[in-house]
Protein chains: 2
Amino acid sequence: MNIGDVSRLSGLPSKTIRYYEEIGLVAPLRSDNGYRAFRDSDLHKLAFLGRARSLGFSIEDCRNLLTLYDDTTRASADVKTIARQHLTRIDQKLAELTALHDTLTHLIDACAGDHRPDCPILADLATVPDTKPGHSPLVR
Amino acid sequence: MNIGDVSRLSGLPSKTIRYYEEIGLVAPLRSDNGYRAFRDSDLHKLAFLGRARSLGFSIEDCRNLLTLYDDTTRASADVKTIARQHLTRIDQKLAELTALHDTLTHLIDACAGDHRPDCPILADLATVPDTKPGHSPLVR
DNA sequence: ATAAAGCCTCCCGCGACTGGAAGGTCAAGG
DNA sequence: CCTTGACCTTCCAGTCGCGGGAGGCTTTAT
């Protein structure tokens, strides 16, 4: 299979597949003409990567997952650990976004949204942070 | 005020402040020695930027918000529009992350997580996407 | 006088690709 | 046989929002 074929079958752009080879996630063979020659196993790995990435796993997660995928004697606990760590990160992000959602909703509700210049949103944005000696910027 | 002073007062790293100058969000004066000389108005803008960024507004949003901030005759409706668009994006992201959360939770629940190699998580990841002619990769 | 801190510019790097240029290869049609 | 066009190759640059660090000023404190 050439790269175009696996691209169509896996749903990944050719560019991405070349990138994955570059960083060592797949290692297709080479034909005499220099073209990449993908085996079925390569296709499966790429499909695996596409799915894992779409679930938000980082490249490093994917690297670890692929190793486990290749190792038929792996313990499912190892996979579960990676997945749970990822889930924790997702939940963290969810909490942050929920907080943002709430803050913004409050501000938007407080704003008349008419032709007058008076605006609680800008007023909030303009508040200078109370100086914090422990240098933790952007945290409020 | 030198950059260190505004950094402390605004909570933004000096590097970030220099970057904001580079992309035209602030325009401090210069002293004879070449040091940036920040006015109070610059400090307020930077604090504004820090707060807006911490609320997840994009740099381009910030640029627009700053313009409105400078314009004392602005209509609050314009600000509200930007904020609402941002809120929409946040809600979208929230929905995506929630979907990811649900999928991952299902997979994790289905996985025994013991020493055996059998793993539903890997099994799911390994499924090759059903070929889709409309080239929309990564969407499932 | 000297050391330390603060400031300057410039360049490289990150993550995970994406786009484009310049060129080799292959199958089909005239 | 030649051309066209699709496909493949490598390499380089850019993305976003900074952070790290080098190398070299100026200012401040001892």
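Let me begin with a term: a polar contact here is a pair of N or O atoms within 3.5 Å, and within protein one of the two must be able to donate a hydrogen and the other to accept it, while residues adjacent in sequence count only if both atoms are side-chain atoms. With that in hand, a base nitrogen of DNA strand C is 2.8 Å from an N or O atom in the side chain of B:Tyr35.

Before going further, I should say that this is a predicted model, in which local features need pLDDT of at least 70 and side-chain atom pairs count only at pLDDT 80 or more, whereas totals for chains, interfaces and linings use all residues. Residues are numbered from 1 along each chain as its sequence is written, chains are lettered from A and ligands numbered from 1 in the order in which they are written, and side-chain values use heavy atoms, with hydrogens and water left out.

Let me stay with DNA strand C. A residue is near a strand if one of its heavy atoms lies within 4 Å of it, and of the 18 residues around DNA strand C, those that come nearest are A:Lys15, A:Thr16, A:Tyr20, B:Tyr35 and B:Arg36. Of the atoms of this strand within 4 Å of the protein, 67% belong to sugar and phosphate. On the phosphate side, a backbone N or O atom of B:Gly4 lies 2.8 Å from a phosphate oxygen of DNA strand C, and a polar side-chain atom of B:Arg30 lies 3.2 Å from a phosphate oxygen of that strand.

Which elements supply at least two residues each to the surface near DNA strand C? They are α2 (14-22) of chain A together with α1 (3-10) and α2 (14-22) of chain B, where helices are DSSP runs of H or I with at least four residues, numbered from the N terminus. The largest share, four residues, comes from α2(A).

Now to DNA strand D, where the nearest of the 18 surrounding residues are A:Gly4, A:Arg18, A:Arg36, B:Lys15 and B:Tyr20. Sugar or phosphate holds 77% of the atoms of DNA strand D within 4 Å of the protein, and bases hold the rest. From chain A, a polar side-chain atom of A:Arg36 lies 2.7 Å from a phosphate oxygen of DNA strand D, and one of A:Arg30 lies 3.2 Å from a phosphate oxygen of this strand. From chain B, an N or O atom in the side chain of B:Asn33 is 3.4 Å from a phosphate oxygen of DNA strand D. The surface near this strand receives two or more residues from each of α1 (3-10) and α2 of chain A and α2 of chain B, and α2(B) gives the most, with four residues.

How do the two chains relate? Chain A can be laid on chain B with an RMSD of 0.2 Å by a turn of 180° and a shift of 0.0 Å along the axis, the superposition being by least squares on the C-alpha atoms of residues with pLDDT of at least 70 in both. The two copies are therefore related as by a two-fold rotation axis. In chain A, the C-alpha nearest that axis belongs to A:Leu94, at 3.2 Å. Taking contact as heavy atoms within 4.5 Å, 100% of the contact residues of chain A recur in chain B, the same surface serving both copies.
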